[in-house]
Amino acid sequence: MHPMVKPALRRGWRDLNTVQFGMTPAHAMTLGPMDLATGSFLDLLNGTRGLELLREEGRRMDLPDGHVDGLVRGLARAGLLDDARGGGPAADALRRKKEVLDRLRPDLASLSLTASAPGDAIGQLAARRSQRVQVRGAGRVGAVLASLLAGAGVGEVDVLDGGRVEPWDVAPGGLPAESVGDRRDESARRAVRRAAPDRPPRRATARSSPDDGDPGFSLVVLAPRDDVAVHAPDPAAAEPLMSSGTPHLYAGVVEGTGVVGPLVLPGETSCAGCLHEGRADRDPAWPRMVVQWRSGRQRQVRPCDLTLATTVAALAAAHALAFLDGRVPSSAEARWEVSVPGLNWHARPIQAHPACPCAAAERGKGEHLSEDGESHETMAVQRPSEQCREAEAERPAGTWRAHV
């Protein structure tokens, strides 16, 4: 292990005995009491020295025996320490691709803020390279979303869509103006290859159709250009994904509203069928309206504000990456919506419906998916309760969340 204080967190002294790591309330933590010698030793935890060399440096600075090991353990338990050589073989392979890693260093630094164990951040980043994601829809939302996923290090991002690029499909970060008239899916795939840090080669094998529920995909993102499909996703269209157990996420723009979610974990969380059944319960006219919307004559150009579409693509990509990194984002069992001109995001819960054949309603009552995907109550470190105090007791002595 080559210990390294997480460089993503800025460090400063609150007083002569207390060091604060991080600036924002989400990540700031204080450590104390700390003497000046130990504080100076923190500068040596930069990933260039192994533990034995650090112990020698500690003795040279007259630190007590065992002090270095205790400090390293305390920092690791507090989630403030990384390992410059950790992450396993896949991380080592990524380190050897210096140009690729340099492109991804901001993402690596961000991952280190949420990864607790040393070496986990680069391990997660390296794991993205083995993930396969398919984006269905290459409009202003889908093409940008696919490029974002590729740029963030996802190994394979496929795009499915029909037709040819129209002038109104063009968007910064998505389909370029020079692609107008080209096949929409091929143009989106070119955009993905341009965004990828290591320019993945063009796949020669036949691609699956939207009717396939390819279990090889880690995630399928449904980002249709059709506004009715965004507002009222057809449960039948997702049946292959449900039957193959393929996780899928909905995203898009309808009129002046952007939508992200739900993230569907087949058999575990609510799906498009649950969404439809719940709406029908609340509004008896809903099924009749959906039939009319789907059968009505389509407008030539549907409203899709450029900045709104980009915002939706970015949030959907963030939720997709959170899932690929092993967490369950807040779009599970919910739809995040934002409308112009106010642009205030809010979540609409989607309950698993007993009439839906997805069987998510049969999941244990009272269980909630936590960020690590397990079914248990969330750690209560953010509220003043007995559980909060128990969680705080497990944290290393002298460390606590900074209220800044």
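## Helix α11 and the cavity beside it

In helix α11, the buried residues are Ala272, Gly273, Cys274, Leu275, Gly278 and Arg279. They pack against α9, β9 (248–254), α12 and β11 (334–339). Keep in mind as you browse that this is a predicted model.

Helix α11 also helps to enclose some empty space. Rolling a probe the size of a water molecule over the atoms shows where empty space is left. Here the count comes to one cavity of 30 Å³ or more, and its volume is about 40 Å³. Which residues line this largest cavity? They are Ala232, Pro233, Ala272, Leu275, His276, Arg279, Trp286, Val290 and Arg294. By type, the lining divides into six nonpolar residues, one polar and two charged. Both α11 (272–282) and α12 (286–295) supply at least two of the lining residues, and the largest share, four residues, comes from α11.

## The protein as a whole

Stepping back, you will find 14 helices and 13 strands in the protein. Of its 404 residues, 45% count as buried. If you take the contacts with a separation of 6 or more, residues 24 or more positions apart account for 65% of them.

## Helix α7, mostly covered

How many of the ten residues of helix α7 are buried? Eight are, which leaves this helix (residues 142–151) mostly covered. The buried residues are Gly142, Ala143, Val144, Leu145, Ala146, Ser147, Leu149 and Ala150.

What covers these buried residues includes five elements worth displaying together with α13 (306–324): β6 (132–136), β7, α8, β8 and β9. After α7 comes Gly153, with a positive phi near 105 degrees.

## Salt bridges

Side chains of opposite charge can pair when their charged atoms come close. In this model the count comes to 22 salt bridges. One of them stays within a single helix: Arg55 pairs with Glu52, with 3.1 Å between the closest N and O atoms. Both residues sit in helix α2 (residues 51–60), three residues apart, or about one turn of the helix. Arg55 counts as partly exposed because its relative accessibility is 25%, and Glu52 is also partly exposed, at 45%.

Another salt bridge joins Asp158 to Arg189, where the closest N and O atoms are 3.2 Å apart. Asp158 belongs to strand β7 (residues 156–160) and Arg189 to helix α8 (residues 184–195), so this pair ties together parts that are 31 residues apart in sequence. Are these two residues buried or exposed? Both Asp158 and Arg189 are buried. They also belong to a network of salt bridges that links Asp158, Arg183, Asp185, Glu186 and Arg189.

Asp161 and Arg225 form a salt bridge as well, their closest N and O atoms being 2.9 Å apart. Asp161 lies in the loop between β7 and α8, while Arg225 lies in the loop between β8 (219–222) and α9 (227–231), so the pair ties together parts that are 64 residues apart in sequence. Asp161 is partly exposed, with a relative accessibility of 21%, and Arg225 is partly exposed at 33%.

## A serine in a loop

Ser218 is found in the loop between α8 and β8. Its side chain makes a polar contact of 2.5 Å with the side chain of Gln131. Leaving aside neighbours within four places in sequence, Ser218 is in contact with Gln131, Arg132, Pro247, Phe323 and Leu324.

## Backbone details to check

Most residues other than glycine have a negative phi, and most peptide bonds are trans. Where are the cis peptide bonds described here? One runs from Gly32 to Pro33, with omega near 0 degrees, and Pro33 is placed in the loop between β4 (29–31) and α1 (36–41). Another joins Val340 and Pro341, with omega about 0 degrees; Pro341 lies in the loop between β11 and β12 (346–349).

Two glutamates have a positive phi although neither is a glycine. For Glu255, phi is about 55 degrees, and this residue lies in the loop between β9 and β10 (257–264). Glu255 counts as exposed because its relative accessibility is 54%, over the 50% cut-off. For Glu333, phi is about 65 degrees, and its place is in the loop between α13 and β11. Glu333 is partly exposed, with a relative accessible area of 25%.

Key:
Residues numbered from 1 in each chain as written. Predicted model: local features only at pLDDT ≥ 70, side-chain atom pairs only at ≥ 80, totals over all residues. Heavy atoms only, no water. Salt bridge = Lys/Arg side-chain N within 4 Å of Asp/Glu carboxyl O. Buried < 20%, exposed > 50% of the residue type's maximum accessible area, 1.4 Å probe, protein only. Polar contact = N/O pair within 3.5 Å; in protein donor to acceptor, adjacent residues only side chain to side chain. Contact = heavy atoms within 4.5 Å. 1 Å grid on protein atoms, 1.4 Å probe; cavity = no way out; pocket = protein on both sides within 12 Å on 5 of 7 lines; lining within 4 Å. Points joined across faces, edges and corners; volume = space filled by probe spheres on them. Nonpolar A, V, L, I, M, F, W, Y, C, P; charged D, E, K, R; others polar.
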